[in-house]
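Dear colleague,

I am passing on the structure we spoke about, and I would be glad if you could look through it alongside the notes below.

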Amino acid sequence: MHGTDLLFAEQHRDQLRVLRERARLADAIVVPTAAMADHLTRLAPRTDTGKIHHIPWGVPDHLLTTPLAPAPTCGCCTPGGSPRKRAAASSPKLWPRRRTSN
């Protein structure tokens with residue numbers, strides 16, 4: 001169910017008749033908000049409310065307000081990094097450090 005379906009049915013008698021018929025014949029009706037479920041039952045009061053399923057859309061508020069945990073900083077998300085990084089860290093340096101002239 002879309003919000004425009006409800007708004008259009010509210011304004012046009014033929015569309016209201018179609019909405020009521022479809023709500024009656026449907027096995028399930030999915031709405032993204034509880035307000036839309038309420039609106040549907042006001043427009044089509046004989047609709048079996050057991051058929052109406054609220055499946056939210058968008059990003060839940062708690063994900064917008066709670067900071068995310070910091071991402072791991074190692075190369076492969078394991079303690080000590082990847083085997084290649086561990087080997088590189090334990091091997092001797094082949095090139096001498098550059099000296100900076102003053």
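The notes below cover the core, one helix pair and the charged contacts.

This is a predicted model, in which local features need pLDDT of at least 70 and side-chain atom pairs count only at pLDDT 80 or more, while totals for chains, interfaces and linings use all residues. Residues are numbered from 1 along each chain as its sequence is written, and side-chain values use heavy atoms, with hydrogens and water left out.

The largest nonpolar core (buried Ala, Val, Leu, Ile, Met, Phe, Trp, Tyr and Cys residues joined through side-chain atoms within 4.5 Å; buried means under 20% relative accessible area, exposed over 50%, partly exposed in between, with a 1.4 Å probe and protein chains only) has 13 residues, of which Leu6, Leu19, Val31, Leu40 and Leu43 touch the most other members. Two or more residues each come from α1 (3-11), α2 (13-25), β1 (29-31) and α3 (34-43), these being DSSP runs numbered from the N terminus (helices H or I, at least four residues; strands E, at least two), and α3 gives the largest share, 4 residues. Beyond its neighbours within four places in sequence, Leu43 is in contact (heavy atoms within 4.5 Å) with Leu6, Ala9, Glu10, Leu16, Leu19 and Arg20.

Where α1 and α2 pack, Leu6, Phe8, Ala9 and Gln11 of α1 meet Arg13, Gln15, Leu16 and Leu19 of α2.

The whole structure holds 1 salt bridge (a side-chain nitrogen of Lys or Arg within 4 Å of a carboxyl oxygen of Asp or Glu): Glu21 pairs with Arg17, with the closest N and O atoms 4.0 Å apart, and both lie in α2, 4 residues apart, about one turn of the helix.

Best regards
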